[in-house]
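Trainee: I would like to go through this model with you, one feature at a time. Please show it first.

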2 protein chains.
Amino acid sequence: MPAPESTLADALRERIILGEFAPGTRLSEATLAELLGVSRNTLREAFRVLSEQGLIEHVPHRGVSVASPTMADVVDIYRARRYIEPAALAAGSPLHPAVGDMTAAVERSEAGLEARDWRAVGTANMAFHHAIVALADSPRLGRLYRDIAAELRLAFLEIDSPEALHAPFVSRNRALLETFLARGGAAAAHELHDYLVYSEQTVLGAFTRQRRG
Amino acid sequence: MPAPESTLADALRERIILGEFAPGTRLSEATLAELLGVSRNTLREAFRVLSEQGLIEHVPHRGVSVASPTMADVVDIYRARRYIEPAALAAGSPLHPAVGDMTAAVERSEAGLEARDWRAVGTANMAFHHAIVALADSPRLGRLYRDIAAELRLAFLEIDSPEALHAPFVSRNRALLETFLARGGAAAAHELHDYLVYSEQTVLGAFTRQRRG
DNA sequence: TCCCACGGATTGTTCAACAATCCAAGTCAT
DNA sequence: ATGACTTGGATTGTTGAACAATCCGTGGGA
């Protein structure tokens with residue numbers, strides 16, 4: 001009576017995102033299969049899924065390891081974000097249901113800030129941006145965003161200053177939301193563009209200070 | 001002495017894109033494994049890859065079938081294209097090497113038009129747009145574009161009026177290229193936006209005439 | 001020090017088997 | 001006949017063991 005089928009990839013994905021397997025860690029088929037209680041073949045299928053999603057890196061005959069985003073990856077991720085997020089905001093309607101998600105995410109991040117729970121702040125921040133992309137109502141763009149957000153999360157895992165990484169953006173999220181509601185999508189899009197440039201520099205700066213390549 | 005490893009997914013992908021397996025066709029594991037000369041397990045790994053790429057649809061316990069894009073899929077694909085392509089053109093430099101690919105693609109499509117080889121025209125058209133996306137220098141956006149272009153190709157396969165689908169865009173490609181070189185990316189971006197709206201309507205019209213959902 | 005062969009470890013793939021699920025055909029009661 | 005139910009065959013999901021192919025560190029030899 002085998003385990004949950006395609007959910008294996010999701011379960012493994014979740015554990016990777018939560019940092020259970022540090023970025024760069026090699027994932028041995030035999031070891032991990034036993035740990036997860038599945039066969040090697042089943043695990044390999046999950047590997048192919050996660051590999052396509054960019055969460056793990058697969059080198060032929062050398063196995064897979066948890067992705068360890070480089071600065072080039074971070075740059076590319078933010079490039080993609082600047083292509084998608086401001087445009088989604090510019091075209092989004094204030095009546096779209098995702099606006100409720102944006103509001104809820106901002107409130108969660110503010111609560112996390114007060115509690116100095118940086119992990120919660122980071123999660124809420126990411127939910128905020130995911131809601132922005134949801135404004136576009138595009139499954140394909142949503143899927144791309146889900147993947148690059150997961151990659152970015154891996155990058156964050158390797159930076160050990162979560163406060164500097166997440167705290168400054170709580171107020172910016174609130175401001176962005178109010179701009180969107182009060183002055184419309186076009187104005188908010190410009191603000192978000194600058195926001196993303198600033199965020200990218202913050203992350204790249206932290207990377208540089210940590211001497212990673 | 002096993003077959004080419006991860007290339008199996010690529011090989012299968014190629015054969016699907018070329019129309020060897022019609023959209024909607026169910027792909028039996030046992031049958032296809034024997035046809036390809038690989039084991040079921042190996043084939044299943046390739047299935048997971050292609051499924052993540054959106055080329056095949058996987059329904060648990062019911063197997064996989066070649067994706068058969070609906071009108072909703074076409075709409076979403078064009079939405080994603082409008083998010084990416086005009087922005088790539090707007091930010092692209094005329095000195096970027098991809099401009100050479102754009103020029104070459106336009107010339108190939110013109111040659112195909114003269115020879116009334118609609119398949120060649122379609123291929124060249126897609127190469128043209130792929131070159132536009134390449135202007136962005138983003139592996140992640142490029143990968144997304146590769147996937148949605150393949151899906152779109154599947155949609156085209158189900159429409160049996162290739163001339164109406166491809167011919168009108170040869171001259172538009174040439175015009176777009178000249179706008180980009182003469183008047184810059186911003187002007188070209190606007191032109192491309194309208195181009196994509198027109199192209200979407202062309203495809204959706206053909207779909208409707210063929211009574212597909 | 002450099003180069004190369006060796007050997008253990010890991011991945012790539014196959015095969016055969018069985019469990020779980022689906023689907024269509026046939027059965028039965030109304 | 002019609003509709004719900006059961007049954008059986010076919011297909012997918014998963015396993016475990018086996019072997020081939022490749023990689024990599026180790027140690028010898030020049």
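Trainee: Over how many bridges do strand 2 and strand 3 of chain A pair?

Mentor: This is a predicted model, in which local features need pLDDT of at least 70, side-chain atom pairs count only at pLDDT 80 or more, and totals for chains, interfaces and linings use all residues. Residues are numbered from 1 along each chain as its sequence is written, and chains are lettered from A and ligands numbered from 1 in the order in which they are written. Strands (E, at least two residues) and helices (H or I, at least four) are DSSP runs numbered from the N terminus, and two strands pair if DSSP finds at least two bridges between them. Strand 2 and strand 3 (63-66) of chain A run antiparallel, and the number of bridges is four.

Trainee: Which residue of strand 3 of chain A stands opposite Val59(A)?

Mentor: In chain A, three strands make an open antiparallel sheet in the order 1-3-2. Its edge strands, pairing on one side only, are strand 1 (26-27) and strand 2 (56-59). Opposite Val59(A), in strand 3 of chain A, is Gly63(A).

Trainee: Why is one side of strand 1 and of strand 2 in chain B left without a neighbour in the sheet?

Mentor: The open sheet of chain B has three strands in the order 1-3-2, with antiparallel pairing. Strand 1 (26-27) and strand 2 (56-59) of chain B stand at the edges, so each has a single partner strand.

Trainee: What angle does helix 3 of chain B make with strand 2 of chain B?

Mentor: Helix 3 of chain B packs on the sheet and touches strand 2 and strand 3 of chain B. Axes are lines fitted to C-alpha atoms, for helices over the stretch in contact, and angles run from 0 to 180 degrees between N-to-C directions. With strand 2 of chain B, the direction of helix 3 makes about 110°.

Trainee: Is His61(B) buried or exposed?

Mentor: His61(B) is in the loop between strand 2 and strand 3 of chain B, and its phi is positive, near 65°, although the residue is not glycine. A residue is buried with 20 or more other C-beta atoms (placed from the backbone) within 10 Å of its own, exposed with 12 or fewer, and partly exposed in between. His61(B) has 5 C-beta neighbours inside 10 Å, so it counts as exposed.

Trainee: How many C-beta atoms lie within 10 Å of Asp137(A)?

Mentor: Asp137(A) lies in the loop between helix 6 (118-134) and helix 7 (139-157) of chain A. Its phi is positive, about 55°, although Asp137(A) is not a glycine. Asp137(A) is partly exposed, and the count of other C-beta atoms within 10 Å is 18.

Trainee: Which helix of chain B gives the most to the side that touches chain A?

Mentor: Two residues are in contact if their C-beta atoms, placed from the backbone, lie within 7 Å. The contact takes 23 residues from chain B and 23 residues from chain A. Helix 3 (40-52), helix 4 (71-91) and helix 7 (139-157) of chain B each supply at least two residues of the chain B side. The most, seven residues, come from helix 4.

Trainee: Which residues have the most contacts inside the largest nonpolar core?

Mentor: A nonpolar core is a set of buried Ala, Val, Leu, Ile, Met, Phe, Trp, Tyr and Cys residues joined through C-beta atoms within 7 Å. The largest has 112 residues. Those with the most contacts inside this core are Ile84(A), Val133(A), Ile84(B) and Val133(B).
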